[in-house]
Amino acid sequence: PDLIVTRVWTVPENPIPGGSYKVWCTVKNQGAATANPSGIDQWINCRFYIGNTDLGKEEQWCTTIQANGTYDFCSGEKTAPSAATYTFKAVVDDQGDVGESYENNNEGTASIVIKYPTYTVLATAGTGGSVTPSSRTVTHGDRTTFTVSPSTHYVRNSVSGDASGGS
């Protein structure tokens, strides 16, 4: 057997700071024989990291991976750190329970962006006025402004809005 990490990702794809997420990885046995652990644990494990910070082991595991087979490991639920781009790493068989033909290729990484979502806010005016601009892109938690102008012989009566989470 020869275990390699072929993909690392998070669900959701871009976690929100302070929000929950899980780390996933796909492990492939690119060797010619079935990967069977021989250590005390008797299962194939995967450990997850953000940079050098250990996030812990998977929440599910497997006992074998057939030759040319794959298995998807998943971390337990985690809380996302502050907004930034981070290197996530998955290390399969970090305890060396599987005797492999090559032991130095058991890691995979991915750059994951932790960020607040953005929204496009659209503005329209009824008869007798205008709103500028007609749209703006705003990041979650930020504010934006629009200019509301009545046409000649009109008076601005009211301004209203309807947005998910606020007006």
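**Close-up views of a predicted all-strand model**

**Figure 1. Arg 47, a buried residue in the predicted model.** Arg 47 has a relative accessible area of 17% and is therefore classed as buried, the limit for that class being under 20%. This arginine belongs to strand β3, which covers residues 46-50. Like every other value in these legends, the figure for Arg 47 was computed from a predicted model rather than from an experimental one.

**Figure 2. The salt bridge between Asp 54 and Arg 47.** In this view Asp 54 pairs with Arg 47 in a salt bridge whose closest N and O atoms are 2.9 Å apart. Asp 54 has a relative accessibility of 40% and so counts as partly exposed, whereas its partner Arg 47 is buried at 17%. As a general point, side chains of opposite charge can pair when their charged atoms come close.

**Figure 3. The salt bridge between Asp 94 and Arg 47.** Asp 94 also forms a salt bridge with Arg 47, and here the closest N and O atoms lie 3.1 Å apart. This pair links distant parts of the chain, since Asp 94 sits in the loop between β7 (84-92) and β8 (107-114) while Arg 47 is in strand β3, 47 residues apart. With a relative accessibility of 32%, Asp 94 counts as partly exposed.

**Figure 4. The network formed by Arg 47, Asp 54 and Asp 94.** Taken together, Arg 47, Asp 54 and Asp 94 are linked in a network of salt bridges, and the count for the protein comes to 2 salt bridges. The wider charge content of the protein is 11 positive and 16 negative side chains, with the centres of the two sets 14 Å apart.

**Figure 5. Asp 93, a buried residue with positive phi.** Although Asp 93 is not a glycine, its phi is positive, near 50°. Asp 93 is placed in the loop between β7 and β8, and its relative accessible area of 3% means that this aspartate is buried. The loop between β7 and β8 also holds Asp 94, which counts as partly exposed at 32% relative accessibility.

**Figure 6. Asn 68, an exposed residue with positive phi.** Asn 68 is another residue other than glycine with a positive phi, in this case about 65°. The residue is found in the loop between β4 (53-57) and β5 (70-74), and at 55% relative accessibility Asn 68 counts as exposed.

**Figure 7. The cis peptide bonds at Pro 12 and Pro 133.** A cis peptide bond with an omega of about 0° joins Val 11 and Pro 12, and Pro 12 lies in the loop between β1 (3-11) and β2 (20-29). A cis peptide bond also joins Thr 132 and Pro 133, where omega is about -10°; Pro 133 is in the loop between β10 (129-132) and β11 (135-139).

**Figure 8. The whole chain, as a setting for the close-up views.** The protein contains 12 strands and 0 helices, and its C-alpha atoms fill a box of roughly 85 × 25 × 20 Å along the principal axes. Its radius of gyration is 25 Å, where a compact globule of 167 residues would have one near 15 Å. Buried residues make up 34% of the 167 residues, and the protein exposes about 10000 Å², of which carbon and sulfur atoms supply 46%. Among contacts with a separation of 6 or more, 58% come from residues 24 or more positions apart.

How values were computed:
Residues numbered from 1 in each chain as written. Predicted model: local features only at pLDDT ≥ 70, side-chain atom pairs only at ≥ 80, totals over all residues. Heavy atoms only, no water. Helix = DSSP H or I, 4+ residues; strand = E, 2+ residues; numbered from the N terminus. Rg over C-alpha atoms; globule rule 2.2 N^0.38 Å. Buried < 20%, exposed > 50% of the residue type's maximum accessible area, 1.4 Å probe, protein only. Contact = heavy atoms within 4.5 Å. Areas by Shrake-Rupley, 256 points an atom, 1.4 Å probe, with all protein chains shown as cover. Lys, Arg positive; Asp, Glu negative; His and termini not counted. Charge placed at Lys NZ, Arg CZ, Asp CG, Glu CD. Salt bridge = Lys/Arg side-chain N within 4 Å of Asp/Glu carboxyl O.
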